[in-house]
Amino acid sequence: MSVRINPSILAADFAHLATELDRIASADAVHVDVMDNHFVPNLTFGLPVVKRIGEVTALPLDMHLMITDVDLWAPQFAELGAFSVTFHAEATTEPVALARRLRQIGARAGIAIKPGTPVEPYLEILEEFDQLLIMTVEPGFGGQSFMDSTMPKLAAASAAVKASGLDVWLQVDGGITETTIEVAARAGANTFVAGSSVFGAESAAAQIALLRFIAEQHSH
Ligand code: DX5
Ligand code: ZN
């Protein structure tokens, strides 16, 4: 089964972003964490920086929006040409309408849930999404420890996706290392975000290859 490894540039050296993007050329996409210091207690970057990232890399942009005003911003990242735009379920009361808007613009529509958010309501509307992101840490910061407690939600989502026959990608984000990626792959994830484990490695390419190899061994 094919797996995707999406390094998160939250762990990159922001003073040398173009060079950092070159280090992860063998990845499937670059995961871009947008934070607004409101939805999460941290602040990263917005549209102009993401636009330049898109211009200097051939990698698809996998946007993860940890922001409150998704109805305003999410479509703008899609219009910028992002491959995938994932917004948080906790940030909108109209996830279906927003997902439809994103797809209409031409992006893959993703929905993310925090560790404490139940997955069941979103399994009822799976056909509206291309990706479901099960956060494996509390969103906001890189370098945190993987929460095993989120794995039952992933297993439930994996079963629902299989039963539906839909091709909804299951993404995990937070604390993914060569150890935890096995746990997440076994529970049904096929798209893996890794920040510190990739950018903190001496060879990012070797680390991407290692993560990919382990995930492939254990994915189903
Ligand atoms: C956290 C972000 C993650 C973060 C992951 O809120 O969504 O994408 O960069 O970093 P690591 O892999 O270091 O846990
Ligand atoms: Zn993220």
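Which residue follows H7, and near what value is its phi? Gly-188 follows helix H7, and its phi is positive, near 120°.

This is a predicted model, in which local features need pLDDT of at least 70, side-chain atom pairs count only at pLDDT 80 or more, and totals for chains, interfaces and linings use all residues. Residues are numbered from 1 along each chain as its sequence is written, chains are lettered from A and ligands numbered from 1 in the order written, and side-chain values use heavy atoms, without hydrogens and water.

**Overall fold**

The chain has nine helices and eight strands. These are DSSP runs numbered from the N terminus: helices are H or I with at least four residues, strands E with at least two. The radius of gyration, taken over C-alpha atoms, is 16 Å. The globule rule (2.2 Å times the number of residues to the power 0.38) gives 17 Å for 220 residues, so the chain is as compact as a globular protein of that length. Its C-alpha atoms fill a box of roughly 40 × 40 × 30 Å along the principal axes.

Buried residues make up 54% of the 220. Buried means under 20% relative accessible area, exposed over 50%, partly exposed in between (1.4 Å probe, protein chains only). Take contacts (heavy atoms within 4.5 Å) between residues at least 6 apart in sequence: 64% join residues at least 24 apart.

**Zinc site**

The zinc ion (ligand 2) is coordinated at 2.1 to 2.2 Å by His-31 (NE2), Asp-33 (OD), His-64 (ND1) and Asp-173 (OD). Donors are N, O and S atoms within 2.8 Å of the metal (3.2 Å for Na, K and Ca); water is not among the atoms, so sites may look incomplete. The donor residues are spaced H-x1-D-x30-H-x108-D in sequence. Asp-33 and Asp-173 tie together parts 140 residues apart in sequence, because they lie in strands S2 and S7.

| Residue | Strand | Relative accessible area |
|---|---|---|
| Asp-33 | S2 (residues 30–35) | 4%, buried |
| Asp-173 | S7 (residues 169–173) | 8%, buried |

Angles among the six donor atoms run from 71 to 174°, and the site is octahedral. Six donors count as octahedral if opposite donors are over 155 degrees apart and all others between 65 and 115.

**Helix H7**

H7 spans residues 180–187; Thr-180, Ile-181, Ala-184, Ala-185 and Ala-187 are buried. Seen down the helix axis, they fall within an arc of 165°, so they line one face. The arc is that of directions from the axis to the C-beta atoms. Their cover includes S1 (4–7), H6 (151–164), S7, S8 (191–194) and H9 (204–218).

Key:
Four donors count as tetrahedral if all angles lie between 85 and 135 degrees; four count as square planar and six as octahedral if opposite donors are over 155 degrees apart and all others between 65 and 115; anything else is irregular.
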